[in-house]
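Here is a short note for a colleague opening this entry for the first time. Please read the points with the model in view.

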Amino acid sequence: MITIDPDALSEHDNYKLMIGSIIPRPIAWVTTLTPSGTVNAAPFSYFNIVTANPPLVSISVGRRGGERKDTSRNAAALGEFVVHIPDERNVEAMNRTAATLGPEESELAAAGLTAVPSEAVRVPGIAEAAVRLECRLERIVPLGGTELSPACDLLIGRIVRYHFRDDVYEGGHIDPAALKPVSRLAGTSYATLGGVFQLERP
């Protein structure tokens, strides 16, 4: 085994080891709304379930020079956002929403995507996504960096509505083969759903 002390590494080197080791990572494709009504969209692979009671998800949104990104700033201002699960059909469009645009420029429009009204929140969703999770913000936790310049904002969202395309939902279960989710690896690499097997818990 090769043993490395993370304190001896730069932030960039720690980043490379973490994103290369912690794989595959699910992707949260998040829409938010600016105060003026522009729909922003961006993907984040520091994303997972927190608990099912109540249904909470977590998304880590990195900061730039201590400044919040549009997603974090908009979620904090409105208290709402929508999480989508990208799949093989829309992954290229999702990637286009990762472009750096001004806060009043809509990544949805730039990527040729369609906004669809939500039911329980004011933030629109993405019509092309097979899974939409309408969320209310439970809390934002600044983490990392320094007290005056955090490295990220950890968004905790409570799911208040689920939306599933008909072919991926059946009897309270999601069909992963129909969903065809994509996940994040290191660099510019992504993964599709590979072999699936079952193991009973002891």
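1. Contact here means heavy atoms within 4.5 Å. On that basis, residues 24 or more positions apart account for 61% of the contacts in the protein with a separation of 6 or more. Keep in mind that this is a predicted model.

2. Start with the overall build. The protein has five helices and 14 strands. Its radius of gyration is 17 Å, close to the 17 Å that the globule rule gives for 202 residues, so the protein is as compact as a globular protein of that length. The C-alpha trace spans about 50 × 50 × 35 Å along its principal axes.

3. Next, burial and surface. Of the 202 residues, 40% count as buried. The accessible surface comes to about 11800 Å². Carbon and sulfur atoms own 55% of that surface.

4. Then charge. The protein carries 19 positive and 24 negative charges. How far apart are the mean positions of the positive and negative charges? The answer is 2 Å.

5. One open sheet is quick to trace. It has three strands in the order S1-S13-S14, with antiparallel pairing. Strand S1 (25-26) and strand S14 (190-192) are its edge strands, and each pairs on one side only. Between S1 and strand S13 (residues 182-184) there are two bridges, in the antiparallel sense. Here arginine 25 faces another arginine: its opposite number in S13 is arginine 184.

6. A hairpin deserves a look. It joins S4 to S5 through two residues. The two strands pair in the antiparallel sense over five bridges. Phenylalanine 47 has isoleucine 59 in S5 as its bridge partner. As background, strands of a sheet pair through backbone hydrogen bonds, either parallel or antiparallel.

7. Is strand S5 (residues 55-62) largely enclosed or open? Six of its eight residues are buried, so S5 is largely enclosed by the rest of the structure. Buried means under 20% relative accessible area. S5 also pairs with strand S10 (residues 152-164), in the antiparallel sense and over seven bridges. In that pairing, glycine 62 stands opposite cysteine 152 in S10.

8. Valine 50 is a useful residue to check by eye. It is found in strand S4 (residues 47-52). With a relative accessible area of 42%, valine 50 counts as partly exposed. Which residues does valine 50 touch, leaving aside its neighbours within four places in sequence? They are Leu56, Val57, Ser58 and Ile156. Glycine 157 lies 107 residues from valine 50 in sequence, yet the C-alpha to C-alpha distance is 9.2 Å.

9. Helix H2 (residues 70-78) closes the list. Its buried residues are Asp70, Thr71, Ser72, Asn74 and Ala75. What covers these buried residues of H2? The cover includes strand S2 (28-33), strand S3 (39-44) and S5. It also includes strand S6 (80-84), strand S9 (131-143) and S10. Thus S5 and S10, which pair with each other, are both among the elements over the buried residues of H2.

10. Finally, look just past the end of that helix. H2 is followed by glycine 79. The phi of glycine 79 is positive, near 80°.

Key
Residues are numbered from 1 along each chain as its sequence is written. This is a predicted model: local features need pLDDT of at least 70, side-chain atom pairs count only at pLDDT 80 or more; totals for chains, interfaces and linings use all residues. Side-chain values use heavy atoms; hydrogens and water are left out. Helices (H or I, at least four residues) and strands (E, at least two) are DSSP runs, numbered from the N terminus. The radius of gyration is taken over C-alpha atoms; the globule rule is 2.2 Å times the number of residues to the power 0.38. Buried means under 20% relative accessible area, exposed over 50%, partly exposed in between (1.4 Å probe, protein chains only). Accessible areas come from the Shrake-Rupley method with a 1.4 Å probe; for residues, only the protein chains shown count as cover. Lys and Arg count as positive and Asp and Glu as negative; His and the chain ends are not counted. The place of a charge is taken as NZ of Lys, CZ of Arg, CG of Asp or CD of Glu. Two strands pair if DSSP finds at least two bridges between them.
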